[in-house]
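This report describes the salt bridges of one protein model and where their partners lie.

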Amino acid sequence: MESESRSPALDQRIERLRAAAGAEPRLEGVLLYGSWTLGEADAYSDIEAYLYVEDAHLATFDGREFVERLAPLKLAYTNMYGILAVVFDDLMRGEFHVTAASAGIAEVPSWSGQVHLPRPDAAVLLDRTGRLTEAADQLAPFVPPQPTTTAQQLSSELANWTLMLAHLLARGETGRAHNLLHAMVAPHQLQLCRLLRESTAHWLTPSRAMEEDLPAADVARYATTTAPLDGAAVREAARSSWEWSRELTAEAAGRWGFAVPVELHAEIAEFLSRES
């Protein structure tokens with residue numbers, strides 16, 4: 001098999017997973033997702049997969065024991081989303097969803113618009129019944145987000161979260177405001193920017209490859225919305241962020257024709273302009 005990534009170690013681990021799954025009769029199917037399936041993996045990429053266990057064996061299937069057949073583990077635990085997260089001995093990370101085959105495989109087509117598998121044949125490592133291949137094939141076409149409703153949703157999110165940001169700054173919670181600006185506001189901002197630039201391939205992780213996907217002017221503008229953990233710097237970044245959000249919203253509203261709460265936007269700007 002030809003190398004699917006710039007990481008021979010990841011290729012080898014995926015082949016180990018294919019072999020281990022084929023030898024495990026309790027598994028009906030295994031589906032990869034993430035950068036490897038998009039042809040974007042490199043030496044720093046994770047291995048991410050769904051393990052579809054036959055329903056009758058789900059209660060007794062030990063996900064950790066199975067994953068440890070691939071390589072020794074330094075860490076294994078169930079994360080906050082109920083996913084088996086592991087760290088292998090070579091510091092490669094892994095995420096494995098251990099789920100019942102019946103409901104899990106039936107759910108796959110509903111991921112359309114969120115998960116893209118351009119090569120389902122490469123993503124499906126095991127399929128004993130044909131059901132998983134049929135389901136994964138439905139994710140082969142790239143489904144971009146619907147522009148009008150998505151842009152309006154994002155502009156509303158930006159107004160809501162930026163107003164919360166203004167309240168936190170007024171309260172003097174610099175650390176919390178700093179986190180909110182980068183963890184909540186920025187992703188919505190970058191998604192709206194991607195929508196406008198018709199660059200939605202990395203929609204779910206909008207900061208991924210932004211330097212290659214977005215115009216240099218947008219990347220530079222994004223940089224003005226970041227800040228060190230300093231009160232004055234966070235406040236200035238918040239103002240710059242909201243200014244850019246308003247410009248992106250106005251551009252989107254002009255293109256797709258939705259209403260903008262102009263008065264609210266001006267009030268948020270005024271709120272952010274106040275000194276603590």
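A network of salt bridges links Glu-24, Arg-26, Glu-65 and Arg-69; a salt bridge is a side-chain nitrogen of Lys or Arg within 4 Å of a carboxyl oxygen of Asp or Glu. The model is predicted, so local features need pLDDT of at least 70 and side-chain atom pairs count only at pLDDT 80 or more, while totals for chains, interfaces and linings use all residues. Residues are numbered from 1 along each chain as its sequence is written, and side-chain values use heavy atoms, with hydrogens and water left out.

Within the network, Glu-24 pairs with Arg-26. Glu-24 is buried, at 5% relative accessibility (buried means under 20% relative accessible area, exposed over 50%, partly exposed in between, with a 1.4 Å probe and protein chains only).

The whole structure holds 19 salt bridges, among them these:

| Salt bridge | Closest N to O distance |
|---|---|
| Arg-26 and Glu-24 | 2.9 Å |
| Asp-46 and Arg-93 | 2.5 Å |
| Arg-197 and Glu-251 | 3.0 Å |

Asp-46 forms its salt bridge with Arg-93. Asp-46 sits in the loop between strand S1 (27–32) and strand S2 (47–53), and Arg-93 in strand S5 (residues 93–100), so this pair ties together parts 47 residues apart in sequence. Arg-93 is partly exposed, with a relative accessible area of 37%.

Arg-197 meets Glu-251 in a salt bridge. Because Arg-197 belongs to helix H7 (residues 174–197) and Glu-251 to helix H10 (residues 231–256), the pair ties together parts 54 residues apart in sequence. Helices (H or I, at least four residues) and strands (E, at least two) are DSSP runs, numbered from the N terminus. Arg-197 is partly exposed at 27% relative accessibility, and Glu-251 is partly exposed at 32%.
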